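Biologist: I am new to this structure and should like to understand the terms used to describe it. May I ask for the reasoning behind each of them?

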Amino acid sequence: MSSSSASPASTAVEGPQREQWGSQLGFLMAAIGSAIGLGNIWRFPGVTYANGGGAFMIPYIVALLSAGIPILLLDYALGHRYHGSAPAVFRRLSRRLEWLGWWQVLVSFIIMTYYAVIIAWSLRYVFYSVNVAWKADADGAKNFFFNKFIQVSETVTYSPTPVWNVFLPLAAVWAVVILVIAKGVTAGVEKANKVFLPLLLVLFMALVLRALMLPGATDGLNALWTPNFAALSDPQVWISAYAQIFYSLSVAFGIMLTYASYLRRRSNLVGTGLVSAFANSSFEVLAGFGVFATLGFMANQQGVAVGELEGLTGISLSFVTFPTVIAQMPGGAVFGVLFFLSLTLAGVTSLISLVQVVAAGVGEKFALAPRRAAIMVGVPAAAISLLVFGTTTGIYSLDVVDAYINQIGVVSSAILMCFIVSLVLRRLPLLRRHLNTVSESGKAVGVWWQLLVGYIVPVVLSYMLIDTLIKFVTDQYDAQSYSRLFEGVFGWGAVGLAVVGVAVMTMVPWRTPVDDFAPLDLGDSETPKEVR
């Protein structure tokens, strides 16, 4: 590969004109909105409870400081310095690396096709909550959700039969998101997050306060936060902490990289990264209070311990356990509307960021305006959402695809990004100086950051990936629920589809002058030469 030194700011070749955030606050709210998603509400409380309760916060904070924030800052530095979508950024790092950017884009595309369906469920349940519709079901909230709402098939295979209960809310979700992306970064993404995020926080605070006043709420909080320090000797507890932080912060698969590319020349990357990370973690802790206070009430009503309850995480928590509680509590309809509207808003802000990653990559590759890019990406994604995950067997497909794409696609993306940038291209010293210079933070990001990103994070994530691959190959993801054929089609098939998509998109010629670009140079005389 040939090399060329970074040009001074006065002689740098300007890249294609790119939208910018209207303000640093707009970027911060979008970043927080992306990080706060469905997993914060339904995953963190259950993971904490299962991994030592209050003691879990020790590995959680260690994981946040040693992996979450370092990778978040790496995303920020890459996006801001190389000023483009994920494929453009990695191509500008080295022309041989464009495929890594498309890997992040394809992973985001697959995630958003099923993520939208869960949001559609939440939106439909907002209206079901008005009259607590599942209360009339003699067989309870579980039967209502699985048999009357999503009409799940008893046969675990693929069925094209659509679930019309899901169709209208799903169409509404995609219409809103496509409209937001079509309006562009400032008028669309930024304005949407300035409305949705404060509304989410107000609604969720109201929900938590109501939950804390329920009989038995204290029992739920004691069950969640009572520390079991013996659990800290279990390596799996620490791995669970790293996994929670990693999936929660929306890092390493193009979102924060893309968002940072719209920042102005002088932007406080380090400060914004810290605020965004701690805001996300604070919301998770808040969700823990709300969820387990509610579960404490449920246990109180049933005369059992919290640990004896079923469905303490994931889809079961949101669409079976919580509706059961809502049907039992005074003022349940209001509580239900608050809960499911909060879940919907949390999901929408995250979905917007996923679609923006894909629209930015496709739009830049084919020189499309935001409106055309939003339609080109959103319409096919909406169709897949309905045809694959909006069917009577969609919940089975969703479960398997989510497991494989998150635990293989997202984790491999992070490992590759850290390994290539740090040890192959040796670009971390340059990126560290960029973070400190652009943020005017002096030496806030030290050599410790390079050690974490270059060594600690890849080692931890590699362990997670290898452990997952061994499990998936030998025992499957869930051998009790799915056949090898089904997991092969929807699990390995989703990964394989992403690989094919990467190959195709990498070979397609660019219609924008992606190589006619010099990285953002802030006049640092120590900036080393960059390999192109």
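**Reasoning from values to terms**

Modeller: Let us begin with helix α5, in which Ala86, Pro87, Ala88, Val89, Phe90, Arg91, Arg92 and Leu93 are buried. Please bear in mind that this is a predicted model.

Biologist: What makes α5 largely enclosed by the rest of the structure?

Modeller: Eight of the eight residues of α5 are buried, so the helix is described in that way.

Biologist: Why is Arg91 called buried?

Modeller: The cut-off for a buried residue is a relative accessible area under 20%. Arg91 has a relative accessible area of 16%, and therefore counts as buried.

Biologist: What makes the contact between Arg91 and Asp515 a salt bridge?

Modeller: The term requires a side-chain nitrogen of Lys or Arg within 4 Å of a carboxyl oxygen of Asp or Glu. For the side chains of Arg91 and Asp515 the N to O distance is 2.8 Å, so the pair qualifies. Arg91 belongs to helix α5 (residues 86-93), while Asp515 is in the loop between α20 (484-507) and β2 (530-531); the pair therefore ties together parts that are 424 residues apart in sequence.

Biologist: Is Asp515 buried, partly exposed or exposed?

Modeller: Asp515 has a relative accessible area of 25%. Partly exposed is the class between under 20% and over 50%, so Asp515 is partly exposed.

Biologist: How do you know that Arg95 forms a salt bridge with Asp515?

Modeller: The closest N and O atoms of Arg95 and Asp515 are 3.9 Å apart, which is within 4 Å, so the pair counts as a salt bridge. Arg95 lies in the loop between α5 and α6 (98-130), so this pair ties together parts that are 420 residues apart in sequence. Arg91, Arg95, Glu98, Lys365 and Asp515 are linked in a network of salt bridges. The structure holds seven salt bridges.

Biologist: Another of these pairs is formed by Asp137 and Lys148. Why are Asp137 and Lys148 placed in separate accessibility classes?

Modeller: Asp137 has 7% relative accessibility, under the 20% cut-off, and therefore counts as buried. Lys148 has 47%, which falls between 20% and 50%, so Lys148 counts as partly exposed. The closest N and O atoms of Asp137 and Lys148 are 3.3 Å apart.

Biologist: Why is Thr393 called buried?

Modeller: Thr393 has 0% relative accessibility, which is under 20%, and so counts as buried. Thr393 lies in the loop between α16 (370-389) and α17 (394-424). Leaving aside residues up to four places away in sequence, Thr393 touches Ser153, Thr155, Thr157, Tyr158 and Ser159.

Biologist: Let us turn to helix packing. Why are α14 and α15 called roughly antiparallel?

Modeller: The axes of helix α14 (residues 314-328) and helix α15 (residues 332-366) cross at roughly 155° and come within 9 Å. An angle over 145 degrees counts as roughly antiparallel, so the term applies to α14 and α15. Their crossing is right-handed. The contact is made by Ser318, Phe319, Phe322, Pro323 and Ile326 of α14 and by residues of α15 including Phe335, Phe339 and Leu343. By class, the contact has nine nonpolar, three polar and no charged residues.

Biologist: At what angle do α4 and α19 pack?

Modeller: Helix α4 (residues 57-82) and helix α19 (residues 447-474) pack at about 115°, with their axes 9 Å apart. The crossing of α4 and α19 is left-handed. Among the residues in contact are Leu65 and Ile71 of α4 and Trp449 and Leu461 of α19.

Notes. Residues numbered from 1 in each chain as written. Predicted model: local features only at pLDDT ≥ 70, side-chain atom pairs only at ≥ 80, totals over all residues. Heavy atoms only, no water. Axes fitted to C-alpha atoms, helices over the stretch in contact; angles between N-to-C directions. Helix = DSSP H or I, 4+ residues; strand = E, 2+ residues; numbered from the N terminus. Parallel < 35°, antiparallel > 145°, perpendicular 65-115°, else oblique. Left-handed = near helix turned anticlockwise from the far one by under 90°. Contact = heavy atoms within 4.5 Å. Nonpolar A, V, L, I, M, F, W, Y, C, P; charged D, E, K, R; others polar. Buried < 20%, exposed > 50% of the residue type's maximum accessible area, 1.4 Å probe, protein only.
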